[in-house]
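Hi,

Here is the structure I promised to pass on. Have a look at it first, and then read my notes below.

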Amino acid sequence: MSADGLDANVWADLQKAAGSVSRETFERLQAFEQLFLKWNRSINLAAPSTLDDVWRRHILDSAQLARIAPTATRWVDLGSGGGFPGLVLAFLLAERPGASIALVESNRKKASFLQSVIGQFSLPARVVARRIDDSYALVSTPEIVTARALAALPDLLDLSAPWLTKGARALFHKGRDYRAEVEESTHRWGFDLVEHSSMTDAEGVILDIADLRPAKQQ
């Protein structure tokens, strides 16, 4: 297969994951992949075991959130780290008029990386270089709250409750043990849950959580 044919297949995979994506956005994400790998040589942005396939394991895995919430324009990503899913979503949200995402990251070096990428690609994003529990007043009314490889679900719900109890919706990446985390969470919280099978991980899911409220005491 020619390089052009291979490139077309990769673009098709991105559109399968995220929905309609322009050629320009696809090429910008490819450039971001190379920039990420360059920065990762000096800053630990992702687990070394995942660097053999950054496109599938990180970029496509992040991009699938855009298809789940195709009209949302106000996003916040918690613990953005190396930019997954937050920066990937920022590239995709550039195609949605008026859309933006706040990237909450307290680590100074990682926050610098995020800011550098935002500036280089003129992304509709901003870095909130604070701890999550210090960021609520700075990110007032998001529609969607995301997090990936950040914490167990009970802790994620506690951290994002100030938004989720006021109408925001959560999209959280989780792995094979997610059912135990969901069960543990029900001791403290009630919520509506939809499970989306991951398009990149046979054992992974995206937990789609809405209407968070304190659990009724027995």
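How much space lies in the largest pocket? About 760 Å³, going by this model, which is a predicted one. The lining is made up of 34 residues, and those closest to the pocket's centre are His58, Phe84, Arg148, Ala149 and Leu150. Two elements, α3 (54–68) and β5 (169–174), give two or more residues each to that lining. The largest share comes from α3, with 4 residues. In case you want the chemistry of the walls, the split is 11 nonpolar, 13 polar and 10 charged.

The second largest pocket holds about 160 Å³. Helpfully, α3 turns up here too: α3 and α4 (86–93) each supply at least two of its lining residues. Among the residues lining this pocket are Ala18, Gly19, Ser20 and Val21, along with Ala66, Arg67 and Pro70. Leu92, Leu93, Glu95 and Arg96 also line it. By class, that lining comes to 6 nonpolar, 2 polar and 3 charged residues.

On to the rings. The whole structure has 10 aromatic pairs. One of them is Trp11 with Phe26, a stacked pair at 6.0 Å centre to centre with 10° between the planes. This pair links distant parts of the chain, since Trp11 belongs to helix α1 (residues 3–18) and Phe26 to helix α2 (residues 23–40), 15 residues apart. Phe26 counts as buried because its relative accessibility is 0%, while Trp11, at 22%, counts as partly exposed.

Another pair to look up is Phe36 with Phe113, which is edge-to-face: 6.3 Å centre to centre, 65° between the planes. Here the partners are 77 residues apart, with Phe36 in helix α2 and Phe113 in helix α5 (residues 108–121). Both Phe36 and Phe113 are buried. They also belong to a cluster that ring pairs build from Phe32, Phe36, Trp39, Phe84, Phe91, Phe113 and Phe121. You met Phe84 above, in the list of residues closest to the centre of the largest pocket.

One last spot is Gly190, in strand β6 (residues 189–197). Is Gly190 buried or exposed? Its relative accessibility is 15%, so Gly190 counts as buried, the cut-off for buried being under 20%. Beyond its neighbours within four places in sequence, Gly190 is in contact with Asp211, Leu212, Arg213, Pro214 and Ala215. For Pro214, the C-alpha to C-alpha distance from Gly190 is 5.7 Å, with the two positions 24 residues apart in sequence numbering.

Cheers

Key. Residues numbered from 1 in each chain as written. Predicted model: local features only at pLDDT ≥ 70, side-chain atom pairs only at ≥ 80, totals over all residues. Heavy atoms only, no water. Buried < 20%, exposed > 50% of the residue type's maximum accessible area, 1.4 Å probe, protein only. Contact = heavy atoms within 4.5 Å. 1 Å grid on protein atoms, 1.4 Å probe; cavity = no way out; pocket = protein on both sides within 12 Å on 5 of 7 lines; lining within 4 Å. Points joined across faces, edges and corners; volume = space filled by probe spheres on them. Nonpolar A, V, L, I, M, F, W, Y, C, P; charged D, E, K, R; others polar. Phe/Tyr/Trp six-rings, centres within 6.5 Å; stacked < 30°, edge-to-face > 60°.
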